[in-house]
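Work through the exercises below with the sequence and the model at hand. Each task is followed by a solution in steps.

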Amino acid sequence: MVVEKSADFEVPEAQIAVHWREEEYIYPPSKFIAQANAGDPAIMKRFSESNYPECFKEYADLLTWDHYWHTTLDTSNPPFWKWFVGGRLNASYNCVDRHLAKNRNKAALIWVPEIETEATQVITYQELHRRVNEFAALLSDFAGLKAGDRVTFHLPMVPELPVAMLAAARLGIIHSEVFGGFSGNAAGERIADASSHVLVTIDSYYRNGQLLDHKAKADEAVLRAHDLGFDVEKVLVFQRHAGSYGSQTPMVAGRDFFVDEVIKPYRDQLVEPVSMPAESPLFLMYTSGSTGKPKGCQHSTGGYLSYVAGTSKFYQDIHPEDTYWCMADIGWITGHSYIVYGPLALGATSVMYEGVPTYPDAGRTWRIAERLGVNIFHTAPTTIRMLRKLGPDEPAKYDYHFKHMTTVGEPIEPDVWRWYYNVVGKGEAAIVDTWWQTENGGFLGSTLPGLQPMKPGSCGPGVLGVFPVVYDEDGKVVPAGSGRAGNICIRNPWPGIFQTIWGEPERFVKTYYEKYNRDPNSHDWRDWPYFAGDGAVQASDGYFRILGRVDDVINVAGHRLGTKELESACLTLPEVAEAAAVPVIDELRGRAVEMYIALKTGFTASAEMEEKVALAIETEIGRIARPKNVWIVADMPKTRSGKIMRRIIASISNFADVGDITTLANPEIVHDIRMHVQGEKVAKGDVPRELTNSELEEIKSFGAES
Ligand code: WTA
C-alpha cells in the first residue's frame, strides 16, 4: 500500500506515513505441511479469545509438574500477572532428567568450536545430566548458593553456559547471563544490579580466529561492581582448553578458582532438583531502553518454560528427530528461549556454534548445516544480509536441506527475505518471521508455519493466544487495512511475559503499562494493554509489519519515516548489501535523512550509485524521504552481535562525538567513515551549527543499543 502524502506537510503527527508495498503470499511447501506440529486448523479455535486464558493449559501440559497448578491466570495484582498458580516444577528436571528414560544417549547439545580442525562435541542427555549435576553441586556447596540467590554468568557460546544455566535452575538459583561480547564494565553493572556474589566466566574463547582474553573482563567487572558498592566473593573460571590458562591476567588468590579444580570433589555427584513454585524467577536478562540503566527482565519458571516449550513445538516445529540450529547467542533472550529452554524442554537436539558465521569463509555456516544434518535453522536479518553480502552463492554448494527457517530480531526487508527463502532455504523451507522482545519470553507475532502463508516483510498475525492491537497516540485503535501505523500493543497477558524489572517495579509499570492503561485500579486484564514500544501497521488480512522501535523514527518535516522503510527501499537495488538511515539536524525540515550504504562485493562506489540510492527512496517512498546525502562506505560500524550502530554514524553525520566505540566488532571503520563523510561535508560547506543538548541526546541515542 502506498499512501501519498500531500505536499503541504499537514498530516498530524499521530498519522504516521506508511509506504510499504503490499507483498504476495507465499505458501509453505506441502511436504512441510504434511508433517507440521500445528497442521490441524482446530488449534486456532482452541487458542481463540473465547478460550483465553485456559487455552494455555495446552502449553503447560508439555511440562512435567511436581505439583499440578490450580489457577491458570491470577490477575489480582495488575500488571504483575501470575501464571499456573499453585504449581511446582523444576526447569532443569524438565529440560534434562525427564528425557533420560527414553533418550538417555540422544544428543542434547552439539557444540561446534570456531576452529574448524577442533572436534565437534556431542553432549547426550545422559552427559548433560552429569555435567549439570556436578556444577549444581559446586554452586551449592563450594559457592554457597541457594534458591532465590542470583548468580551472574559472563560466558560466550560454549557448552559450559547451558550447563551452568541448568545447574542454577536445578537449585532455583536465579541466573543472569551477560552477553559474552559485552565489556567487563557492562557485566559489573549487571552484577551489582542483581547483587550476585558469584561470577562465572571463562579464560578465553575464539572469535574470528582469535583466542580472546575473556578473564580480563572479569577483573574489570569485579572492580566496577565494587565501585558501585557491591563485592563479588567468588569468580569461577572455566578453561577453553583443559589444563591451560588462556588469559594474561593473574588469578586472584582466594577469589578466582578454576572450575576444573574445584569441581573435583563433586564428580559424579547427583543433586536433587528443587521443586520451585511456578512463579519463582528462573532468570534475569538485561536489556537496554533508550533511556536509563539496563532493565533486568525477570522471567518466571512455570509460565516462561511452558511458553517456550509451546512456541518451540508449534512455531519452530521441532520434532524429536529434528536437528535444530539457532545461530543466536545464548547471551540474548533468543538463545535462552530457543537454544536452551524451549528445545531442551522438548527433548530436541540443539546445535550451538562458538564463532562467527563467516569464519573462516562465507561457506562455514552451510558446511556446519551439511555436516550435522541440520534441518531447522534460526537466525537474524543482520546475519542473513552478511551471509548474502559475503557469499551470495555459497548455500548452493552444500548439501543441506532445511524444512524450516526463522528470522528474528529486526524487520527483514522483503528482498533479503526472498534471498533467505530461495537461496538459503532452496525454496524447500517454511519461514517464520518471529517478532518479540527480551521482555516477552517468547514469540508474539508470527505465522503458524503449517497453517498460515508467509508474507515477506510481515511477521504475520499474533501468535496463538496473543492478541495484538495497534493504537494511535490517543489510545484509539488504528484499524487493520487503514494503511496507518501506530504503536503495537498486546491486549492480554501471556505465560511468557516477564514478571517485573528486577528491583524496579514502578519502572516496569510505567514503561510497559502506563501509556494505555484504562484504570489503574482495575483487576481486569483488559484494562492493561502491554506497550511494546514498536511501531507497526496491520494489513487487512491481520498481518503485522513491524516498523522498528518507536524511537527509531526520523521525523522529516512532520513525516515520521521509519528507518526500516528507508533501508528497505535501498535494498531493492541489486548492488546494495546493507543500508542504514540516520537523521541529520536540518534547519529547514527539522531532520533530514542520510543514508549509509555498503555495496555487495563486485560493485564500486560512484556518484551514479549514490543517485540510484536516492532515486530508489524517491520511488519507493516519495520525494519527502529523499536523503540529503548518500554515503557509500566499506562497512558499517557493528556490535559484536552484528547490529549496525546507527548512533555512531548519526554522530558522524552531525559532527557529534561518537562516544565509546571500543566494544564494536570493527572500531577501525569509524575513523575511515568520519574522514570520508566529514571531509566531504567540510569541502561542501555543509557543517551544522552547534547542536543543542536535546539534539545531541537524540543523535547519540539514535537506534540505541548498549
Ligand atoms: C525488534 C529480540 C521486526 C523490535 C527477540 C523489538 C523485530 C526488538 C522482530 C526486541 C521481527 C524483534 N521483526 N522487528 N521479527 N523481532 N524485533 O529485546 O523492534 O533484543 O522491539 O528481542 O527487536 O529486541 P530484543
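**Exercise 1: the ligand site**

An oxygen atom of the ligand is 3.0 Å from an N or O atom in the side chain of Q437. Taken alone the ligand exposes 530 Å², of which the protein buries 88% (accessible areas by the Shrake-Rupley method with a 1.4 Å probe; for residues, only the protein chains shown count as cover).

The model is predicted: local features need pLDDT of at least 70, side-chain atom pairs count only at pLDDT 80 or more, and totals for chains, interfaces and linings use all residues. Residues are numbered from 1 along each chain as its sequence is written, and side-chain values use heavy atoms, with hydrogens and water left out.

Task: describe the polar contacts and the shell of the ligand.

Solution.

Step 1. Take the polar contacts (a pair of N or O atoms within 3.5 Å; within protein, one must be able to donate a hydrogen and the other to accept it, and residues adjacent in sequence count only if both atoms are side-chain atoms). Besides the Q437 contact, a nitrogen atom of the ligand is 2.7 Å from an N or O atom in the side chain of D433. With G409 the protein partner is a backbone N or O atom, 3.0 Å from a nitrogen atom of the ligand.

Step 2. List the neighbours (a residue is near if one of its heavy atoms lies within 4 Å). There are 15 residues around the ligand, and D433, T434, T438, D534 and R549 come nearest.

Step 3. Assign secondary structure (helices, H or I, of at least four residues and strands, E, of at least two are DSSP runs numbered from the N terminus). At least two shell residues each come from helix 12 (333–345), strand 20 (430–434) and strand 25 (544–549).

Step 4. Sort the shell by class (Ala, Val, Leu, Ile, Met, Phe, Trp, Tyr, Cys and Pro count as nonpolar, Asp, Glu, Lys and Arg as charged, and the others, Gly among them, as polar). The shell has 6 nonpolar, 5 polar and 4 charged residues.

**Exercise 2: the second largest pocket**

Task: what is the volume of the second largest pocket, and which residues are closest to its centre?

Solution.

Step 1. Fix the terms. On a 1 Å grid over the protein atoms alone, a pocket is an open set of points where a 1.4 Å probe fits, with protein on both sides within 12 Å along at least five of seven lines, and lining residues have an atom within 4 Å of a point. Grid points are joined across faces, edges and corners, and a volume is the space filled by probe spheres set on the points.

Step 2. The volume is about 410 Å³. Of the 19 lining residues, R131, E160, F238, Q239 and D260 are closest to the centre of this pocket.

Step 3. Helix 6 (125–142), helix 7 (160–171) and helix 10 (259–262) each supply at least two lining residues. Helix 6 gives the most, with 3 residues.

Step 4. By class, the lining holds 10 nonpolar, 2 polar and 7 charged residues.

**Exercise 3: two helices**

Task: are the residues of helix 19 (residues 646–653) buried or exposed?

Solution.

Step 1. Apply the cut-offs: buried means under 20% relative accessible area, exposed over 50%, partly exposed in between (1.4 Å probe, protein chains only).

Step 2. In helix 19, 8 of the 8 residues are buried, so this helix is largely enclosed by the rest of the structure. F655, which follows helix 19, has a positive phi near 55 degrees.

Step 3. Compare helix 17 (residues 563–570), which is mostly covered, with 8 of its 8 residues buried. Among them are K564, E565 and E567.

**Exercise 4: backbone and side-chain details**

Task: which peptide bonds into P79 and P360 are cis, and where do F84, D268 and S300 lie?

Solution.

Step 1. The P78 to P79 bond is cis, with omega near -5 degrees, and P79 is in the loop between strand 1 (71–74) and strand 2 (82–85). The Y359 to P360 bond is also cis, with omega near 0 degrees; P360 sits in the loop between strand 17 (349–353) and helix 13.

Step 2. F84, in strand 2, has a positive phi near 55 degrees and is buried at 0% relative accessibility. D268, in the loop between helix 10 and strand 13 (276–277), has a positive phi of about 65 degrees and is exposed at 52%.

Step 3. S300 lies in strand 15 (residues 295–300) and is buried, at 3%. The side chain of S300 reaches the backbone nitrogen of Y304 at 3.2 Å, and a polar atom of that side chain is 3.4 Å from the backbone nitrogen of G303.
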